Amino acid sequence: MRKFDLKQFAICVLAVISPRFVLAGAYPLVPVVFMSGFLSGVNQSLLFLCSIGGLLALAPFRVTLKYGMVILLSAAAVWIAERYTGRCRTAAAAIVTGAVTTGATVIWKLLQIPDDASMAGGLAEGVAVAGAVFLCTRFFWVFQEWEPYTPKAMPVYVRGAEKLNGYAESFNRLSRTFQKMNRYKSDFTAEELGRMQNEVAGSLCVACDRRAVCWEAEDTPMYRILYQFLQSVQRGEDVGTSAGELSEHCVCVEEMVGQAMRVFEKARLNLSWYNRLQENRDAIAQQLTAMAYIMEDCAADEQDVTAAEGTLLVRIRFALKERGIVCDELRILKKSGGKMEIWLRGHTRARRCVTVRDIAKDISRVSDSLFLPEKDAKTLIGEKGARVVFLESTRLSAGYGVAKAVREGEQVSGDNFSFRILDDGRCIMGLSDGMGSGYSACKESEMVIDLIEKFMESGFRPDTALRMMNSAMVTHGENNLFSTVDLVSVDMDSGAAQLYKIGAAATFIRHKDWVEQIEDHSMPVGVFMAQTPSCREIGLAAGDFVVMVTDGVLEHLCVDNAGETVAQIIQDVETNNPAQFARQVLEQVLSLTGGRVRDDMTVLAAEFWENRSVC
């Protein structure tokens, strides 16, 4: 029952004056106004008093007695239904009210009580009352729930958005600072070569008797000759000429050449470590930029549009009332991608439970969109109440299947995969092939897939997630093990798909009448910091299959063109079950290898289909 306000007062006033409407000796507006207000949550005691008071003031006593009995019996029937079953639908209440109205006329005629209404008129009055109650209940409900919308800035739902934006700006500045610090070196400068020259001369010539002749004479060529020798070493040229010229002026030429090579190798090692430090700084800068992005995304992730969606709010509340749910709180949020979330906190009556799936059906029906409960939501709402979040679903759905074959002589496969449908309406498919085989390859590819999953679930874009994962693998660098990455991101509303490949095998897209093969040639992930994943965009439709495979599926077929052969196999598969699809593809591939598994084989297949309404 709602808190009494001016809108309820207006309905009570209407109940008082309802007896002024008389039609063929009947007063149909009295039960219509009373029952419609009763069902729409008007204060029941006050509504009853207003209805009886209006009858006493504006109608004869026999009419007051008749319609007082009608509203009393109708209210009692609805109250009993709500008390013992937990709900009473508007249609059922309307039929009961119409039947009681007709029954009252029949009883009046049987008892020969004076009544202006005829038997036929009583039957017509009952039908009219039932229909009017059904319609007016919805009108009264909307009248009480609806609030005029005044345009205003929609408040950001996520708390601390300003702080998050401030943190994001700080991270962006710190990232730019690290990027400014990065100065990669490929060659030594003249100043650095001069320092090497001084180090060589200082370590050998300081105790040599000819030091004054070689280095202190005004016209000595030693500075030029040793500098040219170091330049030749840096360019990778044959140092024989420079060494021969050096032998004409230095009696310890072999020691001089050896010391110069040692000093140069030490400097080159220092250069490698310097560049490695720059790579680590670059990795940190990328991660800081990604963190800034995710903070900005979180700050603007959801907006509370409850005030702007007044009509939808009323329709949902009425549908929940019909389902027997008392709605304690209802909020409508809009995510940054345009999808809606509905937050419901409510309870039932009379120890009755309602399935969350039934509630999702009601919300989908009144909103003309498909809503589903969030992952791991409660399955029932009972008398104690619960809070459930419903997410607007996407146009497409997807299912997947995987088939694997482990390399001969190994216990585990070095391939790992992932398939996720995220809350933002994207479907993510990932496949990683660890270099080598066995446990070490499995561990490496598992780490790659795990990082991608965590980044994508946190809200990162695929390209950002891949760059962060690559930087993590570069700094990881354990045992020089690397993995390929094959990633597909599909927008489940538009069907737009983005395919990212880093050293991965071909991906096959089976459309209605043909198979598309997408290839790329690049190094595996974690080889170097500047690794940029290639991206190919395609469109998917209902009925399409995406088939991802590892190198083992393509590299050991005894055919001229492995890609075309696998594409033909995929085209010929007749099943629409993704698990059977992947298994049949792998079986056909093994038939062409003679049953031999010379490398780990994995086939990941996903089918996309049109979402059906749950209504």
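Here are some numbered notes on this predicted model, going from the overall picture to single residues.

1. Start with the whole chain. The protein has 615 residues, and 48% of them count as buried. Its secondary structure comes to 19 helices and 17 strands. The accessible surface adds up to about 30500 Å², with 55% of that belonging to carbon and sulfur atoms. As for how the chain folds back on itself, take the contacts between residues at least 6 apart in sequence: 72% of these join residues at least 24 apart.

2. Next, have a look at the start of the chain. Which residues form a nonpolar patch on the surface? They are Leu6, Phe9, Val13, Leu14, Val16, Ile17 and Leu58, and together they offer about 600 Å² of accessible area. Helix H1, residues 6-17, supplies the largest share, with six residues. Val16 is one to click on: this residue lies in helix H1 and is partly exposed, at a relative accessible area of 33%.

3. Helix H4 is a good one to trace from end to end. It covers residues 61-85, and for its 25 residues a span of 36 Å is expected at 1.5 Å a residue; the end C-alpha atoms sit 35 Å apart, so the two values agree. Right after H4 comes Gly86, which has a positive phi, near 90°.

4. Staying with H4, what covers its buried residues? The cover includes helix H2 (29-39), helix H3 (44-58), helix H5 (90-110) and helix H6 (119-145). The buried residues themselves are a mixed bag: among them are Val63, Val70, Ile71 and Val78, but also Lys66 and Glu82. Tyr67, Gly68 and Ala75 are on that buried list too.

5. Helix H6 also has a residue on the outside. Val127 lies in this helix and is exposed, with a relative accessible area of 58%. Its C-alpha atom is 9.3 Å from that of Ala94, although the two residues are 33 apart along the chain.

6. A word on the cysteines. How many disulfides are there? The count is zero. Cys50 is in no disulfide, and the nearest cysteine sulfur, on Cys12, is 4.3 Å away; a disulfide would need the pair within 2.5 Å, so this one does not qualify. Cys50 is buried, at 15% relative accessible area. Cys136, by contrast, is partly exposed, at 26%.

7. Now for charged pairs. The structure holds eleven salt bridges. In helix H15, residues 438-457, Lys454 and Asp450 are four residues apart, about one turn of the helix. They form a salt bridge whose closest N and O atoms are 2.8 Å apart. Lys454 is partly exposed, with a relative accessible area of 45%, and Asp450 is partly exposed as well, at 33%.

8. Other pairs are worth comparing with that one. Lys501 and Asp486 form a salt bridge, again with 2.8 Å between the closest N and O atoms. This pair links distant parts of the chain, with Lys501 in strand E12 (residues 496-502) and Asp486 in strand E11, 15 residues apart. Are Lys501 and Asp486 buried or exposed? Both are buried. Glu322 and Lys321 make another salt bridge, at 3.0 Å from N to O, and these two are buried too. Finally, Arg323, Asp362 and Arg365 are linked in a network of salt bridges.

9. Strand E11 deserves another visit. Ser489 is found in this strand, which runs over residues 485-491. With a relative accessibility of 4%, Ser489 counts as buried. Leaving out residues up to four places away in sequence, Ser489 touches Arg426, Cys427, Ile428, Pro462, Ala496, Ala497 and Gln498.

10. Last stop: Gly539, in strand E15 (residues 534-539). This glycine counts as partly exposed, at 48% relative accessibility. Apart from neighbours within four places in sequence, Gly539 is in contact with Gly495, His511 and Asp544. Ser494 is 45 residues away from Gly539 along the chain, yet their C-alpha atoms are separated by 8.2 Å.

Note on methods. Residues numbered from 1 in each chain as written. Predicted model: local features only at pLDDT ≥ 70, side-chain atom pairs only at ≥ 80, totals over all residues. Heavy atoms only, no water. Patch = residues over 30% accessible without salt bridge, like charges linked within 9 Å, V, L, I, M, F, W, Y side chains within 5 Å. Areas by Shrake-Rupley, 256 points an atom, 1.4 Å probe, with all protein chains shown as cover. Salt bridge = Lys/Arg side-chain N within 4 Å of Asp/Glu carboxyl O. Helix = DSSP H or I, 4+ residues; strand = E, 2+ residues; numbered from the N terminus. Buried < 20%, exposed > 50% of the residue type's maximum accessible area, 1.4 Å probe, protein only. Contact = heavy atoms within 4.5 Å. Expected span 1.5 Å × (residues − 1).
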